[in-house]
Amino acid sequence: MAVLSRSVAPFRRSCCVGSIRRFCSGADSKLAAALRTGKPVEGRNVQWVFLGCPGVGKGTYAARLSNLLGVPHISTGDLVRQELSTPGPLSSQLAEIVKQGKLITDEIIIDLLSKRLEAGESKGETGFILDGFPRTIRQAVSSIFSVIA
């Protein structure tokens, strides 16, 4: 697994919070203190992207750091499940794609994520941790990263 912020730090499946502490401690003293004490940091403008193979712990660490840093953990899988639970044309389209066992198109994923980031910005969210995006080269070079930057 890797965490992209302004630099890349590779993590293995056996990664522990201590590794994340070592990675983050040099970059920000407030973050380092939060990792030592377990107390959340408020007003933190974290914009991290967790990348890695399925099952390496992206969601686990994203959720833990999200709570600690006070920023939302945004999972593309959660966005799709949330959309499936609401009635509407996109929900019907997603249900059909899932029923057929196909992958959800990049356009749909990018649209869902764009809407979520815009909603968060309007609510005053000061950062985020992305989990499960990007999954394809097309997603990686999408205009969504101009929104993030």
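This passage walks through a pocket, a helix pair and a salt bridge in a predicted model.

Start with the empty space. Rolling a probe the size of a water molecule over the atoms shows where such space is left. In this model, the largest pocket holds about 340 Å³. Its lining is made up of 15 residues, and those closest to the centre are Thr76, Leu103, Ile104, Ile109 and Arg135. As for character, the lining splits into seven polar, four nonpolar and four charged residues. Two helices, helix 4 (76-84) and helix 6 (106-122), each put at least two residues into this lining. Helix 4 gives the largest share, with four residues.

Helix 4 also packs against a neighbour in the sequence order, helix 5 (residues 89-99). The axes of the two helices sit 8 Å apart and make an angle of about 115 degrees, and the crossing is left-handed. On the helix 4 side, the residues involved are Val80, Glu83 and Leu84; these meet Leu90, Ser91, Leu94, Ala95 and Val98 of helix 5. Sorted by class, this contact comes out as six nonpolar residues, one polar and one charged.

Then there are the charges. Side chains of opposite charge can pair when their charged atoms come close. Across the whole structure, a search turns up five salt bridges. One of them joins aspartate 111 to lysine 115, with 3.3 Å between the closest N and O atoms. Both residues belong to helix 6, and because they are four residues apart there, about one helical turn separates aspartate 111 from lysine 115. Helix 6, then, carries this pair and also helps to line the largest pocket.

Conventions
Residues numbered from 1 in each chain as written. Predicted model: local features only at pLDDT ≥ 70, side-chain atom pairs only at ≥ 80, totals over all residues. Heavy atoms only, no water. 1 Å grid on protein atoms, 1.4 Å probe; cavity = no way out; pocket = protein on both sides within 12 Å on 5 of 7 lines; lining within 4 Å. Points joined across faces, edges and corners; volume = space filled by probe spheres on them. Nonpolar A, V, L, I, M, F, W, Y, C, P; charged D, E, K, R; others polar. Axes fitted to C-alpha atoms, helices over the stretch in contact; angles between N-to-C directions. Left-handed = near helix turned anticlockwise from the far one by under 90°. Contact = heavy atoms within 4.5 Å. Salt bridge = Lys/Arg side-chain N within 4 Å of Asp/Glu carboxyl O.
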